[in-house]
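I am keeping these notes while going through a structure for the first time, one topic to an entry. Each entry records what I looked up and what came back.

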Amino acid sequence: MTESLTTDQERAQLLAHGRDRAAGLAIDPLPVVRLFTPDAHATWLLVALNPVDGDTAYGLIDRGISRPELGHVKLSDLASIVGPRQQPVMRDRYFQAVRPLSEYLRLAQENGSIVD
């Protein structure tokens, strides 16, 4: 269930950023949502959602293997993931972005994982 991965407000903001990206605008927004696996060390900081399919998100992906990178992921795929202790991907309800995506990327690449 992808709805539990974002609130309505977050989804609207992700779609707005997705429309800007689709229009070719150079944007560097604050991440909108932080998703994570509580038992597998993976984290996703998402900034945009494809307005056409409403499922493909863009952001900083940290699979927990010390190689964070920008990329795309389907929310429907994330909703089906469970970690080794059968924990699903969760939304960090307390996440508040403090820097633009480019800064999260720079710091993550320096540290080998997403910080904050």
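**Entry 1: terms for exposure.** Before anything else I fix the words I shall use for side chains at the surface: a residue is buried under 20% relative accessible area, exposed over 50%, and partly exposed in between. I also note that this is a predicted model.

**Entry 2: a first pair.** I tried the terms on arginine 63 and glutamate 69, whose side chains meet in a salt bridge with 2.9 Å from N to O. Glutamate 69 has 36% relative accessibility, which lies between the two cut-offs, so glutamate 69 counts as partly exposed. Arginine 63, at 46% relative accessibility, also counts as partly exposed.

**Entry 3: the other salt bridges.** I then searched the whole structure for such pairs, and the search gave six salt bridges. One of them joins arginine 91 to glutamate 10, with the closest N and O atoms 3.8 Å apart. Since arginine 91 belongs to strand β5 (residues 90-91) and glutamate 10 to helix α1 (residues 8-22), this pair ties together parts that are 81 residues apart in sequence. I checked how open the two partners are: arginine 91 is partly exposed at 22% relative accessibility, whereas glutamate 10 is buried at 14%.

I next turned to helix α3 (residues 101-111), where arginine 106 and glutamate 103 lie three residues apart, so that about one helical turn separates them. Their side chains meet in a salt bridge of 2.8 Å, N to O. Arginine 106 has a relative accessible area of 37% and is partly exposed, and glutamate 103, at 28%, is partly exposed as well. I noted further that Glu103, Arg106 and Glu110 are linked in a network of salt bridges.

**Entry 4: the sheet.** In what order do the strands of the open sheet stand? I read off five strands in the order β4-β3-β2-β1-β5, with antiparallel pairing. The edges are taken by β4 (69-74) and β5, each of which pairs on one side only. Looking at one pairing in detail, I found that strand β3 (residues 56-62) and β4 run antiparallel and are joined by six bridges. Within this part of the sheet, threonine 56 stands opposite lysine 74 in β4.

**Entry 5: the nonpolar cores.** As background I wrote down that in soluble globular proteins nonpolar side chains tend to be buried together. Here the largest nonpolar core has 16 residues, and those with the most contacts inside it are Leu35, Trp44, Leu46, Val73, Leu75 and Leu78. I asked which elements supply at least two residues each to this core, and they are α1, β1 (33-36), β2 (43-49), β3 and α2 (75-80). The largest share, three residues, comes from β2. Apart from this core lies another one of 11 residues, including Leu45, Leu60, Phe95 and Leu105.

**Entry 6: the largest pocket.** I looked up the volume of the largest pocket and obtained about 190 Å³ of space. Its lining includes Thr7, Gln9, Glu10 and Gln13, together with Leu30, Pro31 and Val32, and also Phe95, Gln96 and Ala97. By character, the lining residues divide into five nonpolar, four polar and one charged. Two names recur from earlier entries: Glu10, which lines this pocket, is the partner of arginine 91 in a salt bridge, and Phe95, also in the lining, is among the residues of the 11-residue core.

**Entry 7: backbone angles in two loops.** For comparison I recorded that most residues other than glycine have a negative phi. Histidine 41, found in the loop between β1 and β2, has a positive phi near 65°. Histidine 41 is exposed, with a relative accessible area of 66%. Glutamine 86, placed in the loop between α2 and β5, likewise has a positive phi of about 65° although it is not a glycine. With a relative accessible area of 57%, glutamine 86 is exposed.

**Entry 8: the segment after α3.** Where is glycine 112 found, and is it buried or exposed? Glycine 112 is in the segment after α3, and at 15% relative accessibility it counts as buried. I also looked up its separation from arginine 67: the two are 45 residues apart in sequence, yet 5.9 Å apart in space, C-alpha to C-alpha.

Note on methods. Residues are numbered from 1 along each chain as its sequence is written. This is a predicted model: local features need pLDDT of at least 70, side-chain atom pairs count only at pLDDT 80 or more; totals for chains, interfaces and linings use all residues. Side-chain values use heavy atoms; hydrogens and water are left out. On a 1 Å grid over the protein atoms alone, a cavity is a set of points where a 1.4 Å probe fits but cannot get out, and a pocket is an open set with protein on both sides within 12 Å along at least five of seven lines; lining residues have an atom within 4 Å of a point. Grid points are joined across faces, edges and corners, and a volume is the space filled by probe spheres set on the points. Ala, Val, Leu, Ile, Met, Phe, Trp, Tyr, Cys and Pro count as nonpolar, Asp, Glu, Lys and Arg as charged, and the others, Gly among them, as polar. A salt bridge is a side-chain nitrogen of Lys or Arg within 4 Å of a carboxyl oxygen of Asp or Glu. Helices (H or I, at least four residues) and strands (E, at least two) are DSSP runs, numbered from the N terminus. Buried means under 20% relative accessible area, exposed over 50%, partly exposed in between (1.4 Å probe, protein chains only). Two strands pair if DSSP finds at least two bridges between them. A nonpolar core is a set of buried Ala, Val, Leu, Ile, Met, Phe, Trp, Tyr and Cys residues joined through side-chain atoms within 4.5 Å.
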